Amino acid sequence: MSTFKVFVTDHAWPTLDVETSVLARVDAELVVAKTGETAELVRLAENADAILTCFANVSQEVLDAAPRCLTVARYGVGVDNIDVDHATRLGMIVSNVPDYCSEEVADHALLMLLALSRRLLPLARQISGGGWDGTAVPTPVRLRGKVLGLVGLGTIGRALVPRAQALGMDVIALQRRTGELPDAVRAVSSREELLAEADVVSLHCPLTSDTRGLIGAAELATMKPTAVLLNTARGPLVDTEALVAALERGDIAGAGLDVTDPEPLPADHPLRHRADVVITPHVAFSSDGSLAELARKAATNAADVLLGRTPATVVNPAVLDSPALRPALEDRS
């Protein structure tokens, strides 16, 4: 019998071979959810010493059902699917992997921008339907000289900067602190100024109570009617109904979305069928290299906690000095 049980709520790749290999070194076995439904998560959490989670909702109910659990390790950057505050109260260390897919997400944002500007999807659909008319879609947009506005300037936003500059685009961003901006990125003083000036607005910020609904009707109305919105971060950053209305009115020219709210969108949702919208199913993070790195780092974070070590990236560092911090298994009475 293994010393530890690690509960995997869900995963977005074919196998768990990497995690199995990493966790076997600390004598841990994986228990994998089949449905991801709350009742199943609650049941499987009962005997878990650690939880690995991708998109599933690790709620207060799930955490309360896990009296042995020392840590919740997120496959990914954002932790909005985990009740971090409650995990902290219970003494669980929450970790994430913030640095595994910056290049992939930046590539994906650029891909969606190019698809929109070059009218790729409507042209391809016309060809697949038997047509051959380059004038049947709006004229493509030259990107050289256009302005990219970054909302969020972490590792992904910074990775997008040289890609956009290579196309001849100017890049602007909010300057929060002195020295924050990369070379040749121009500072703007407010979000409203950024939205009004940018030809492309790209979102790269986490989902928090402050950023939920960050782009709503007022913000979309501030943008140029020729501008496009890119979201590779989190769906609820954008008010979906406001986005649909803005596109229908022509307030903006298009949108590229790897994330949506809700996710997935209903099959009959109007955003699915617009020629001026490119949607992908939350895959910007994905590549053969990034997925292997993600699995290894998330599993290593969980393994470190099981061995009484501090993982590389702790989301809730206050728990480390909390009297509620749960001891490693060998320290338990």
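In this predicted model, the lining of the second largest cavity consists of eight nonpolar residues, with no polar and no charged ones. The volume of this cavity is about 30 Å³. Its lining is made up of Ala 109, Leu 110, Leu 113, Leu 148, Leu 160, Ala 164, Val 200 and Leu 230. Two elements, α5 and α7, give two or more residues to this lining. The greatest contribution comes from α5, with three residues.

The search of the whole structure gives two cavities of 30 Å³ or more. The largest cavity holds about 40 Å³ of space. Asn 231, Gly 235, Val 238, Thr 240, Leu 243, Leu 257, Val 259, Thr 260 and Asp 261 form its lining. By class, the lining of the largest cavity comprises four nonpolar residues, four polar residues and one charged residue.

The two helices that contribute to the second largest cavity also pack against each other. Helix α5 spans residues 102–117 and helix α7 spans residues 155–166; the angle between them is about 55°, and their axes are 8 Å apart. At this angle α5 and α7 are therefore classed as oblique to each other. The crossing of the pair is right-handed. On the α5 side, the contact is made by Ser 102, Glu 103, Val 105, Ala 106, Asp 107, Ala 109 and Leu 110, and on the α7 side by Thr 155, Ile 156, Ala 159, Leu 160 and Arg 163. Sorted by class, the contact of α5 with α7 contains seven nonpolar, two polar and three charged residues. Ala 109, Leu 110 and Leu 160 take part in this contact and are also among the residues lining the second largest cavity.

A further helix pair is formed by α1 (residues 17–24) and α11 (residues 288–306), which pack at about 30° with an axis separation of 9 Å. Helices α1 and α11 are therefore roughly parallel to each other, and their crossing is right-handed. In α1 the residues in contact are Val 18, Glu 19, Val 22 and Leu 23; their partners in α11 are Ala 292, Ala 295, Arg 296, Ala 299, Thr 300 and Ala 303. Seven of the residues in the contact of α1 with α11 are nonpolar, one is polar and two are charged.

Open pockets were considered separately from the cavities. The largest pocket has a volume of about 680 Å³. Its lining contains 34 residues, of which Val 77, Gly 78, Ile 156, Pro 206 and Arg 234 lie closest to the pocket centre. Helices α5 and α7 each supply at least two residues of this lining. Ile 156, one of the residues closest to the centre of the largest pocket, is also one of the α7 residues that meet α5. The classes represented in the lining of the largest pocket are nonpolar with 18 residues, polar with eleven and charged with five.

The second largest pocket encloses about 370 Å³ of space. It is lined by 18 residues, and those closest to its centre are Phe 55, Asp 80, Arg 234, Glu 263 and His 282. Seven nonpolar, five polar and six charged residues make up the lining of the second largest pocket. Arg 234 is listed among the residues closest to the centre for the largest pocket and again for the second largest pocket.

Several backbone features involve residues that line these spaces. The peptide bond between Asp 261 and Pro 262 is cis, with omega at about 5°. Asp 261 is one of the residues lining the largest cavity, and Pro 262 lies in the loop between β11 (254–257) and β12 (277–279). A cis peptide bond is also found between Glu 263 and Pro 264, with omega at about 0°. Pro 264 is likewise located in the loop between β11 and β12, and Glu 263 is among the residues closest to the centre of the second largest pocket.

Positive phi values occur at Arg 119 and His 282. For Arg 119, which is not a glycine, phi is about 55°. This residue belongs to the loop between α5 and α6 (120–128). His 282, also a residue other than glycine, has a positive phi near 55°. His 282 is situated in the loop between β12 and α11 and is one of the residues closest to the centre of the second largest pocket.

Note on methods: Residues numbered from 1 in each chain as written. Predicted model: local features only at pLDDT ≥ 70, side-chain atom pairs only at ≥ 80, totals over all residues. Heavy atoms only, no water. Axes fitted to C-alpha atoms, helices over the stretch in contact; angles between N-to-C directions. Helix = DSSP H or I, 4+ residues; strand = E, 2+ residues; numbered from the N terminus. Parallel < 35°, antiparallel > 145°, perpendicular 65-115°, else oblique. Left-handed = near helix turned anticlockwise from the far one by under 90°. Contact = heavy atoms within 4.5 Å. Nonpolar A, V, L, I, M, F, W, Y, C, P; charged D, E, K, R; others polar. 1 Å grid on protein atoms, 1.4 Å probe; cavity = no way out; pocket = protein on both sides within 12 Å on 5 of 7 lines; lining within 4 Å. Points joined across faces, edges and corners; volume = space filled by probe spheres on them.
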